[in-house]
Amino acid sequence: MTTNQFEAMGCQILVGGATGAEQAAIEQLFHTREQVFSRFLPGSELNRVNRCKGQLVAVSQLFADTLTIALQAAAQTGGLIDPTLGATLEAAGYDRDFALLDDNPKPADPPSPGAWRSIVLHGRSLRRPANIRLDLNGVVKALAVDDALALLARDGFVSAGGDLALRGELNVTLPDGQTVLLRQGALATSGSAKRQWLRGGELQHHLIDPPSGRPARSPWQQVTGCGANCLAADLAAKAGFLLGDAGPAWLDRRRIPARFLTPTADAHTNECWRQSMQPTVACI
Amino acid sequence: MSRSKRNRAKHRAAISKRPAAAGPAPAAQASARSGEGRVQPARRRAQIAKTTLAAAGTAVFAAALLFARVTYAGHPKQPLHPLAAPPRFVQVVRQNLLQAGIIAPADAPAGAATSVS
């Protein structure tokens, strides 16, 4: 299978099994999404919406569709994946591209908890409290992977910074070096292992606990989820991380296989993952 | 004075002129007969008047109802439908985002990797 890679959304995008035209379309798709949803491009639609002083603002159809899914993700995860944490991430110090981020002796600004229920979207009309700053990157990258995969006419895969969706079957290496066969759907990994920085001597990362508005304190360092598509896998991984000790059971109730790595590289799996790893039993 | 009132006045005058002990005069008897003859047409006219008034009242009420339906903003002008969100919104909301994929033990060297981005 031929593979190509390019950079977008601050990570490496790897595409397998694409023709030249498909590859070009996928690159275009990622760059378009970045132009619309980046927190770090001043002219992005996300930043224009966040800068808007009024409560009511008209957004593009792509923005409205993505926000609808982000709100749905918030509802289905009990508010764990919250699209209203833009100001909180900036308060924690994540206010520029991660490559440009450096440790800052100044303490983090006071956080503000998530408020996704205050968002009202009717068609392309968005109404939100003026102090809310949206951040849709909890779903944008995974949605882009799923949409990119749909552009492939034959079997192949799309991976964005390790969030991988495929058509067909593929053996995939997990963060600790183990390998599993992904037969259908997607695998995504979330955690605090990579995007970390210091603010006022306190370790910060990008996975925010919505009720407190502070970086989540989780016993896990990385969580890998297996979903029917990249969005499901990514939501599962993030929710599993944010829920901490309750993560494995929460994902078991939704029949989602997940694997949890502690900071000391101890691997834990939920019941569904263990059933999937038995040779003759698939967890569907 | 209308004709019926004049007739009634004449009838009362004739009765008052009649001697008390005497029986009814032949003229009075004739007048009474002709009075009975006028009652039936009067009743018919009254019936027609009532029917006309009832029909007119119904027509006015129907016209007012129609006028209200056409002009009053809150009055339903189309058949009523239950309140509901747009179908596309309902479809998106009901879709379960957290659906599982399928994994199995590895059977070959890895072709890709998942990691924290």
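Let's start with a single pair of residues: Leu121(A) has Leu126(A), in strand 5 of chain A, as its bridge partner. The model you are looking at is predicted, and this pair is a handy way into chain A. Strand 5 covers residues 125-127, and 3 bridges tie it to strand 4 of chain A, with the two strands running antiparallel. In general, the strands of a sheet are held in pairs by backbone hydrogen bonds, and the pairing can be parallel or antiparallel.

Step back a little and these strands turn out to belong to an open sheet of 3 strands in chain A, ordered 3-5-4 and paired in antiparallel fashion. Strand 3 (56-58) and strand 4 (120-122) of chain A form the edges, each pairing on one side only. From one strand to the next, the twist averages 20 degrees.

Now take in the whole of chain A, which contains 8 helices and 16 strands. Its C-alpha trace spans about 55 × 45 × 35 Å along the principal axes. Chain A has a radius of gyration of 19 Å, which agrees with the value near 19 Å for a compact globule of 284 residues. Of those 284 residues, 48% count as buried. Among the contacts in chain A with a separation of 6 or more, 59% are between residues 24 or more positions apart.

A good place to look inside chain A is helix 5, at residues 137-149. Helix 5 of chain A has 13 residues and reaches 19 Å from its first C-alpha to its last, close to the 18 Å expected at 1.5 Å a residue. How many of its 13 residues are buried? The count is 12, so helix 5 of chain A is largely enclosed by the rest of the structure. A residue is called buried here if 20 or more other C-beta atoms lie within 10 Å of its own. The buried residues of helix 5 of chain A include Val139(A), Val140(A), Leu143(A) and Leu149(A), and also Lys141(A) and Asp146(A). What do they pack against? The surroundings in chain A are helix 1 (20-37), helix 3 (61-76) and helix 6 (230-243), together with strand 6 (156-160), strand 7 (163-167) and strand 9 (179-191).

Let's move over to chain B, which has 3 helices and 2 strands. Along the sequence, its elements follow the pattern α-α-α-β-β. Buried residues make up 9% of the 117 residues in chain B. For a closer look, pick Asn7(B), which sits in helix 1 (residues 3-17) of chain B. Asn7(B) counts as partly exposed because it has 14 C-beta neighbours inside 10 Å. Asn7(B) and Gly35(B) are 28 residues apart in sequence, with 8.5 Å between their C-alpha atoms.

Finally, see where the two chains meet. The contact takes 56 residues from chain A and 23 residues from chain B. On the chain B side, helix 3 (87-94), strand 1 (102-105) and strand 2 (112-113) are the elements that give two or more residues. Strand 1 of chain B supplies the largest share, 4 residues. The chain B residues that touch chain A divide into 16 nonpolar, 6 polar and 1 charged. Strand pairing also crosses between the chains: 2 bridges join strand 8 (residues 170-173) of chain A to strand 2 of chain B, and these strands run parallel. One such link brings us back to a residue pair, with Ala113(B), in strand 2 of chain B, as the bridge partner of Thr173(A).

Terms used: Residues numbered from 1 in each chain as written. Chains lettered and ligands numbered in written order. Predicted model: local features only at pLDDT ≥ 70, side-chain atom pairs only at ≥ 80, totals over all residues. Contact = placed C-beta atoms within 7 Å. Nonpolar A, V, L, I, M, F, W, Y, C, P; charged D, E, K, R; others polar. Pairing = 2+ DSSP bridges. Expected span 1.5 Å × (residues − 1). Axes fitted to C-alpha atoms, helices over the stretch in contact; angles between N-to-C directions. Rg over C-alpha atoms; globule rule 2.2 N^0.38 Å.
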